[in-house]
Amino acid sequence: MTCNNTNNFINVQKNKKFPLILPVIFIILVSFIIFTDTATVIPIVGFHGVIDHNKSYAAQLDIRGLHYSQQSLESFLEYLVINDYQFLSTQDLYDFFLSRNSNTPKDLSKKKLIMISFDDGYKSVHTILLPILYKLEEKYGKKVKIVLFINPGNLFDREKTDSTHLGCEELREGLEKGFYDIQSHGFNHINLTRLTPKKLIYELLKSQIVLRKCTKDLDPEQKVASHFAYPYGAYNKQVKYYVSKYYLSSYLYNNQILNINLLKNYYEIPRLTVNRQESVQALIEKFESIKYTQESKVQSPKLLDGDSDPSQFSF
């Protein structure tokens, strides 16, 4: 009798523990799926203008220290090329990793991925950066694609010889050569959260219309101005709602690294801000600390420069 009672007691204890095991198993399985997904962590780097190292800083527009030096930028891009980084366009990211409308190409599944973006359409992107891109392609046989988030309201006016922004013809050259991925930053560089719905829609649609008109014959699939970056990084529910009506995705500035598995909204894609005070080595360390292989453990988005309200950024 004593033996039977003991066995019954053990069985009862096992039955009590069994339901507790199920949630643990579920968590382990979900974690395994998340942590073994391919290319789940993608840094998206945000630059602005470029400073010519042959000229004094004072002679060049650089209001907030956001423009990066030519020499540092070239070193950074060359490092990425040499180390076999794959440069994503906004449509690549959307098709292969967000919406998954297309199967991820095999050459992407095992590579380190990155997106390089430049906001506001400063002329220096074309006069200084584009020659660097030509140079890297000639030297290494690899094309570096960069994303330009453009305010077409600031496009170069031929009547203004002192314009600091590039024009339609310059956009077309970079697009035709395969270096530029041209996307929208609003028609004017204004805080969209302060606008009425009518003015907000104007900013979103006017930008799209002008950019597509500029590039029409070079962009039959209308990939130009299909994605958006919030001016000043400022957005709210109303802004996201209207952006979602006209664009496939949108980008902000919050100094986080994109983790595909943790992204809940296509209209809150994180970007890292780069200013002139940040060295090339510091940039490299951000990316090399992340493991990209299929077997690697995913790193959660990390605040690199403090947790800040995106609406407070002046970009």
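Here are legends for a few close-ups of this predicted model.

**View 1. The largest nonpolar core and its best-connected members.** This core has 43 residues, and the ones touching the most other members are Phe-47, Phe-76, Leu-77, Ile-116, Phe-118, Leu-129 and Ile-146. Helix H5, residues 123-140, chips in seven residues, the largest share. Apart from this core sits another one of 18 residues, with Ile-42, Leu-93, Leu-98 and Tyr-251 among them.

**View 2. Zooming in on Ile-116.** Leaving out residues up to four places away in sequence, what does Ile-116 touch? Its contacts are Val-45, Phe-47, Phe-76, Leu-77, Leu-80, Phe-87, Ile-146 and Val-147. Phe-47, Phe-76, Leu-77 and Ile-146 from that set also turn up, with Ile-116 itself, among the core residues that touch the most other members.

**View 3. Helix H2, end to end.** H2 covers residues 70-82, so to speak 13 residues' worth of helix, and spans 18 Å from first C-alpha to last, close to the 18 Å expected at 1.5 Å a residue. Its buried residues are Gln-70, Leu-73, Glu-74, Phe-76, Leu-77, Glu-78, Leu-80 and Val-81, so the list takes in two Glu and a Gln along with the nonpolar side chains. Just after the helix, look for Asp-84, which adopts a positive phi of about 65°.

**View 4. Strand E7, covered on both faces.** E7 runs over residues 146-150, and five of its five residues are buried. Ile-146, Leu-148 and Ile-150 lie on one side, with Val-147 and Phe-149 on the other.

**View 5. The neighbours of E7.** Strand E6 (residues 112-119) pairs with E7 in the parallel sense through three bridges, and Asp-119 is found opposite Phe-149. Getting from E6 to E7, the chain passes through H5 in a right-handed β-α-β crossover. E7 is also joined to strand E8 (residues 180-184), again in parallel, by five bridges. There, Ile-146 has Tyr-180 as its bridge partner.

**View 6. Arg-271, an arginine tucked into a loop.** Arg-271 belongs to the loop between strands E11 (258-259) and E12 (272-273). Is this residue buried or exposed? Arg-271 counts as buried because its relative accessibility is 0%, and the cut-off for buried is under 20%. Not counting residues up to four places away in sequence, Arg-271 touches Ile-44, Gly-46, Ser-117, Asp-119, Phe-149, Ala-229, Tyr-251, Leu-252, Tyr-253, Asn-254, Asn-255 and Gln-256. Two of these contacts, Asp-119 and Phe-149, are the residues standing opposite each other in View 5.

Definitions and conventions: Residues numbered from 1 in each chain as written. Predicted model: local features only at pLDDT ≥ 70, side-chain atom pairs only at ≥ 80, totals over all residues. Heavy atoms only, no water. Core = buried A, V, L, I, M, F, W, Y, C linked by side-chain atoms within 4.5 Å. Buried < 20%, exposed > 50% of the residue type's maximum accessible area, 1.4 Å probe, protein only. Helix = DSSP H or I, 4+ residues; strand = E, 2+ residues; numbered from the N terminus. Contact = heavy atoms within 4.5 Å. Expected span 1.5 Å × (residues − 1). Pairing = 2+ DSSP bridges. Right-handed = clockwise from strand over helix to strand, strands pointing away.
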